[in-house]
Amino acid sequence: MTLKDVLTEVLQSETEVQEQLEKHKQEGFITTTSEATQQALLEKLEENDFYVYDTQFIDSVHRLYIEL
């Protein structure tokens, strides 16, 4: 699976998927404000052999740093 496939399975809308893909491309991480969404993303990324090398919680936003 690609990162887009994983995001599509977990996130609510195609717009949100595109925003997160662009954020990852520009800044190197994706974000979510929901603990449940963060956990779902971490699990799905791990299942598909993505390497999450850092997670941060800053100003009520979860950041996931993913190596592609």
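In the predicted model, the side chains of histidine 62 and glutamine 38 make a polar contact at 3.5 Å. Histidine 62 belongs to strand β3, which spans residues 61-67. Its relative accessibility is 5%, and because the limit for a buried residue is under 20%, histidine 62 is classed as buried. When residues up to four places away in sequence are not counted, histidine 62 touches Ile30, Thr31, Thr32, Thr33, Ser34, Glu35, Gln38, Gln56 and Phe57. Glutamine 38, the polar partner of histidine 62, is thus listed among these contacts as well.

Several of the residues touched by histidine 62, including Ile30, Thr31 and Thr32, appear again in the description of strand β1, residues 29-32. In a regular strand, side chains point alternately to the two faces of the sheet. In β1 both faces are covered: Phe29 and Thr31 are buried on one side, and Ile30 and Thr32 are buried on the other. Strands β1 and β3 are paired in the antiparallel sense, with four bridges between them. Threonine 31 has arginine 63 of β3 as its bridge partner.

The contact between these two strands also has an aromatic component. Three aromatic pairs are present in the structure. One of them is formed by phenylalanine 29 and tyrosine 65; the ring centres are 5.1 Å apart, the planes make an angle of 55 degrees, and the pair is tilted. Since phenylalanine 29 lies in β1 and tyrosine 65 in β3, this pair ties together parts that are 36 residues apart in sequence. Both phenylalanine 29 and tyrosine 65 are buried. The two residues belong to one aromatic cluster, formed by Phe29, Tyr51, Tyr53 and Tyr65.

The largest nonpolar core comprises 12 residues, namely Leu3, Val6, Leu7, Val10, Leu11, Val17, Ile30, Leu41, Leu45, Phe50, Leu64 and Ile66. Two or more residues of this core come from each of α1, α3 and β3. Helix α1 supplies the largest share, four residues. Ile30, a member of the core, is also one of the residues touched by histidine 62. Phenylalanine 50 is another core member. Apart from neighbours within four places in sequence, phenylalanine 50 is in contact with Met1, Thr2, Leu3, Val6, Leu45, Ile66, Glu67 and Leu68. Among these contacts of phenylalanine 50 are Leu3, Val6, Leu45 and Ile66, which are listed in the core too.

Charged side chains were examined next. Side chains of opposite charge can pair when their charged atoms come close. The count of salt bridges is three. In one of them, lysine 4 is joined to glutamate 14, with 3.9 Å between the closest N and O atoms. Lysine 4 is in helix α1 (residues 3-10) and glutamate 14 in helix α2 (residues 14-27), so this salt bridge ties together parts that are 10 residues apart in sequence. Lysine 4 is partly exposed at 36% relative accessibility, and glutamate 14 is partly exposed with a relative accessible area of 41%.

Another salt bridge joins glutamate 9 and lysine 44, whose closest N and O atoms are 2.9 Å apart. Because glutamate 9 lies in helix α1 and lysine 44 in helix α3 (residues 35-47), the pair ties together parts that are 35 residues apart in sequence. Glutamate 9 has a relative accessible area of 46% and is partly exposed. Lysine 44 also forms a salt bridge with glutamate 47, the closest N and O atoms being 3.5 Å apart. Lysine 44 and glutamate 47 are both in helix α3, three residues apart, which is about one turn of the helix. The relative accessibility of glutamate 47 is 56%, and this residue counts as exposed. Salt bridges therefore link Glu9, Lys44 and Glu47 in a network.

The loop between β2 (51-58) and β3 contains aspartate 59. Phi of aspartate 59 is near 50 degrees, a positive value in a residue other than glycine. Aspartate 59 is exposed, with a relative accessible area of 72%. Serine 60 is found in the loop between β2 and β3. Phi of serine 60 is positive at about 65 degrees, although serine 60 is not a glycine.

Terms used:
Residues are numbered from 1 along each chain as its sequence is written. This is a predicted model: local features need pLDDT of at least 70, side-chain atom pairs count only at pLDDT 80 or more; totals for chains, interfaces and linings use all residues. Side-chain values use heavy atoms; hydrogens and water are left out. Buried means under 20% relative accessible area, exposed over 50%, partly exposed in between (1.4 Å probe, protein chains only). A polar contact is a pair of N or O atoms within 3.5 Å; within protein, one must be able to donate a hydrogen and the other to accept it, and residues adjacent in sequence count only if both atoms are side-chain atoms. Contact means heavy atoms within 4.5 Å. Two strands pair if DSSP finds at least two bridges between them. A salt bridge is a side-chain nitrogen of Lys or Arg within 4 Å of a carboxyl oxygen of Asp or Glu. Rings of Phe, Tyr and Trp (its six-membered ring) pair if their centres lie within 6.5 Å; planes under 30 degrees apart count as stacked, over 60 as edge-to-face and the rest as tilted. A nonpolar core is a set of buried Ala, Val, Leu, Ile, Met, Phe, Trp, Tyr and Cys residues joined through side-chain atoms within 4.5 Å.
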